[in-house]
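Biologist: Could you take me through one part of this model closely, starting from the fold of one chain and moving on to the packing of its helices and the surroundings of a few chosen residues?

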There are 2 protein chains.
Amino acid sequence: MKFSIEKKDTSSRARAGFFHTKHCCVQTPVFMPVGTLGTVKAITPEHLQKIGFQIILSNAYHLFLRPGCDVIKKYEGLHAFMNWKRAILTDSGGYQIYSLSQLRKITSGGVSFSSHIDGRKLFIGPKECMDIQNSLRSDIMMVLDECPPYPCERSYAKKSMELTLAWAKKCKEFHHDKGRCLFSIVQGATYDDLRQECAERLMSEGFDSYAIGGLSVGEPLSLLMHTAGFLSEILPENSPRYLMGSGTPQDLIDLISLGIDMFDCVMPTRNARNGTAFTWKGKVVVKNASYKTDKSPLDESCRCITCRKYTRGYLRHLFHSKEILGAMLLTYHNLYFYNDLLRRCRKAILRGTFSKFKKTFKASYDPYSR
Amino acid sequence: MKFSIEKKDTSSRARAGFFHTKHCCVQTPVFMPVGTLGTVKAITPEHLQKIGFQIILSNAYHLFLRPGCDVIKKYEGLHAFMNWKRAILTDSGGYQIYSLSQLRKITSGGVSFSSHIDGRKLFIGPKECMDIQNSLRSDIMMVLDECPPYPCERSYAKKSMELTLAWAKKCKEFHHDKGRCLFSIVQGATYDDLRQECAERLMSEGFDSYAIGGLSVGEPLSLLMHTAGFLSEILPENSPRYLMGSGTPQDLIDLISLGIDMFDCVMPTRNARNGTAFTWKGKVVVKNASYKTDKSPLDESCRCITCRKYTRGYLRHLFHSKEILGAMLLTYHNLYFYNDLLRRCRKAILRGTFSKFKKTFKASYDPYSR
């Protein structure tokens with residue numbers, strides 16, 4: 001995988017770059033909408049493309065359970081199955097196995113668990129993880145990892161890191177299609193020395209890139225920022241740095257400043273379904289009584305369909321009436337906002353105005369509306 | 001209201017026509033998607049327009065309760081509130097008061113009832129009914145009526161019809177904006193003589209048109225067809241004939257043959273959300289196991305986005321996973337199908353081939369998939 005850096009920011013570690021996948025050139029910094037089950041909830045792939053997304057994230061564990069790899073193989077991959085023509089990154093789903101399934105047992109060989117859907121007994125090890133992602137034909141595959149909780153004892157973090165390292169090595173052995181990328185995942189909980197060791201050992205093994213896992217699991221924001229910044233300095237300059245599972249608009253800007261290039265998060269889509277919109281001034285809880293007859297759009301400065309055609313008062317009515325259109329319109333807006341935010345960050349980096357952009361954003365974005 | 005007939009079918013009572021409203025010319029026969037609460041569920045107004053719908057139906061009773069007329073007045077009507085630029089017909093909601101609200105009491109003056117949302121005590125009489133629809137700025141308003149159940153004693157049907165007649169007269173008195181149409185509603189349950197009397201007395205009163213109410217309430221299909229055909233011969237030739245609340249694709253074709261011009265029904269949208277699609281060969285229950293790896297579209301001959309881009313296997317996966325996109329894609333398809341069906345009926349009438357079209361449709365549409 002070749003990651004080209006177009007421009008580095010002089011005031012921070014931010015950079016603008018791009019890399020090619022089989023399906024699409026991905027320009028960074030980039031936000032990947034989450035399409036766990038082969039659909040980004042409440043939006044069509046046509047609209048995702050229209051907004052401008054170049055890559056989405058899906059989940060190998062979830063798709064393995066339903067509809068199952070046999071089904072997706074018949075379609076020759078996830079792209080055709082779900083009608084998405086651009087790039088797909090699949091998370092292995094290690095995190096989901098731990099959080100969703102019962103009766104899980106972790107050994108050096110992999111994870112035995114019961115399906116959270118029907119209780120079936122299943123096993124996923126590095127080979128299975130790669131087999132699943134191969135049948136999905138993901139543009140970017142993630143290694144199987146163990147994601148320790150927060151807080152986490154050092155001894156457990158160390159043991160878990162060793163497991164993640166061993167699995168990463170195994171995954172690489174089963175990675176045959178070099179046209180598709182394989183990203184490893186740096187673990188080590190909140191211990192800098194473990195994080196550093198994990199990163200260095202993965203780098204000496206050699207992967208297309210090195211994602212940062214095990215963050216956004218309940219730790220204080222300062223610890224997330226510290227770990228991201230610490231690792232950003234260790235990880236190779238010429239690979240895109242992907243921090244898994246973050247975050248708010250403010251966090252993304254701060255993480256970009258620290259040199260992170262790739263993001264995914266359920267926040268824009270999940271919040272949309274709960275009636276919360278992101279705007280350039282902060283979050284808007286659409287159901288609030290104050291919007292009852294508000295004829296203004298969610299965000300005066302936003303050019304998305306929702307903001308051009310619908311008012312806060314109407315959106316409030318849709319959420320009060322539990323109408324599906326409410327989730328549809330807010331999902332569209334929130335994803336448009338996230339894409340716009342990253343697009344503007346990129347443009348600012350290219351123009352050498354990122355520091356100014358960040359300052360302006362923070363001045364107008366209500367910090368208490370996290 | 002001027003209803004122009006372009007062509008009459010020679011083999012049946014079907015006709016192709018059009019009428020103008022403030023917002024749009026409506027070509028008949030026409031199907032109106034149901035947007036009870038100011039949104040046709042799971043589809044955007046942009047998509048409704050793209051499909052080709054010229055008129056949708058909404059519900060005065062529901063909008064009166066939520067968001068309330070004060071809100072919609074601020075938007076200067078329902079069109080601006082919901083971002084729908086073409087025609088809107090509003091049902092008075094008489095039927096919904098009876099079916100949804102508690103503690104209702106009907107007097108000659110109107111209906112007292114408790115809101116099905118919050119229990120508030122409310123009253124709607126002919127004046128209130130017209131006030132609500134005036135604030136909605138509906139293109140076509142419906143009079144307040146009482147819709148008797150099926151079966152219904154003759155004595156009750158007669159009494160109810162008298163009430164409906166009295167209310168219709170009152171509604172007309174409160175109908176001041178002649179740029180908007182007022183349709184009366186023929187009641188009389190399953191008694192031909194009452195139906196005839198009701199129709200004739202409404203006609204002598206004079207309304208923009210005379211809808212047929214009180215059908216699709218549980219009576220056998222033969223009785224619905226009989227009543228529709230019976231009234232179609234009595235109602236004026238030069239008004240569009242609107243049968244409220246029907247029906248299946250086969251029923252629509254039969255009713256068009258009987259001279260009915262306007263339809264509304266929740267069937268295409270509600271069935272879509274339950275995972276049932278309408279096709280030119282009959283209904284398709286998307287969740288069926290047989291579609292698990294089916295790479296064909298819902299309907300090979302359909303040109304809608306859903307059929308051009310998505311397979312039965314993927315749609316099945318979406319419904320099994322309870323994903324909103326499933327409801328969105330099936331709603332689009334079902335409404336496209338209904339619009340296409342009526343569009344083709346109209347074209348066939350204009351070409352003088354309606355009888356052949358009807359025969360071909362029935363030969364390919366599975367009658368058991370009702």
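Modeller: What follows goes from the overall shape of chain A to its helix pairs, then to three single residues, and last to the contact with chain B. Please keep in mind throughout that this is a predicted model, and that the values below are computed from its atoms.

Chain A is built from 15 helices and 16 strands. Its radius of gyration is 20 Å, close to the 21 Å that the globule rule gives for 370 residues, so chain A is as compact as a globular protein of that length. Taken along the principal axes, the C-alpha atoms of chain A fill a box of roughly 60 × 50 × 40 Å. Of the 370 residues in chain A, 54% are buried, and among the contacts that join residues at least 6 apart in sequence, 67% link residues at least 24 apart.

The part I would look at most carefully is the pair formed by helix 6 (residues 126-136) and helix 7 (residues 154-173) of chain A, which pack at an angle of about 50° with their axes 8 Å apart. Because angles from 35 up to 65 degrees fall outside the parallel and perpendicular ranges, that angle makes helix 6 of chain A oblique to helix 7 of chain A, and the crossing of these two helices is right-handed. On the side of helix 6 of chain A, the residues that meet the partner are A:Pro126, A:Cys129 and A:Met130, while helix 7 of chain A brings A:Trp167, A:Lys170 and A:Cys171. By class, this contact has 5 nonpolar residues, no polar ones and 1 charged residue.

Chain B can be set beside this, since helix 6 (residues 126-136) and helix 7 (residues 154-173) of chain B have axes that come within 8 Å and cross at roughly 50°. Helix 6 of chain B is thereby oblique to helix 7 of chain B, and their crossing is right-handed. In chain B, B:Pro126, B:Cys129 and B:Met130 of helix 6 meet B:Trp167, B:Lys170 and B:Cys171 of helix 7, a contact that comprises 5 nonpolar, no polar and 1 charged residues.

Another helix pair of chain A joins helix 8 (residues 192-205) to helix 9 (residues 221-234), whose axes come within 10 Å and cross at roughly 35°. This crossing, too, has a stated hand: helix 8 of chain A passes helix 9 of chain A in a right-handed manner. Here A:Asp192, A:Arg195, A:Gln196 and A:Ala199 of helix 8 meet A:Thr227, A:Phe230, A:Leu231 and A:Ile234 of helix 9, and the residues of the contact divide into 4 nonpolar, 2 polar and 2 charged.

Turning to single residues, A:Ser92 leads back to helix 6 of chain A. A:Ser92 sits in the loop between strand 6 and helix 5 (94-100) of chain A, and with 27 other C-beta atoms within 10 Å it is buried. The residues in contact with A:Ser92, leaving aside its neighbours within four places in sequence, are A:Ala60, A:Tyr61, A:Cys129, A:Met142, A:Val143, A:Leu144 and A:Asp145; of these, A:Cys129 is also one of the helix 6 residues that meet helix 7 in chain A. A:Ser92 and A:Ile132 are 40 residues apart in sequence, yet their C-alpha atoms are 8.6 Å apart in space.

A:Ala87 lies in strand 6 (residues 87-91) of chain A and is buried, with 25 other C-beta atoms within 10 Å. Not counting residues up to four places away in sequence, A:Ala87 touches A:Thr21, A:His23, A:Cys24, A:Val26, A:Gln54, A:Ile55 and A:Asp139. From A:Ala87 to A:Leu57, 30 residues away in sequence, the C-alpha to C-alpha separation is 8.7 Å.

A:His20, by contrast, is partly exposed, with 15 other C-beta atoms within 10 Å, and belongs to strand 2 (residues 15-20) of chain A. Its C-alpha atom is separated by 9.3 Å from that of A:Ser4, 16 residues apart along the chain.

There remains the contact between the chains, in which 30 residues of chain A touch 30 residues of chain B. The elements of chain A that give two or more residues to this side are helix 3 (69-74), helix 4 (78-82), helix 13 (312-320) and helix 14 (324-351), and helix 13 of chain A gives the most, with 5 residues. The residues on that side of chain A divide into 14 nonpolar, 9 polar and 7 charged.

Technical notes
Residues numbered from 1 in each chain as written. Chains lettered and ligands numbered in written order. Predicted model: local features only at pLDDT ≥ 70, side-chain atom pairs only at ≥ 80, totals over all residues. Contact = placed C-beta atoms within 7 Å. Helix = DSSP H or I, 4+ residues; strand = E, 2+ residues; numbered from the N terminus. Nonpolar A, V, L, I, M, F, W, Y, C, P; charged D, E, K, R; others polar. Rg over C-alpha atoms; globule rule 2.2 N^0.38 Å. Buried ≥ 20, exposed ≤ 12 C-beta atoms within 10 Å, placed from the backbone. Axes fitted to C-alpha atoms, helices over the stretch in contact; angles between N-to-C directions. Parallel < 35°, antiparallel > 145°, perpendicular 65-115°, else oblique. Left-handed = near helix turned anticlockwise from the far one by under 90°.
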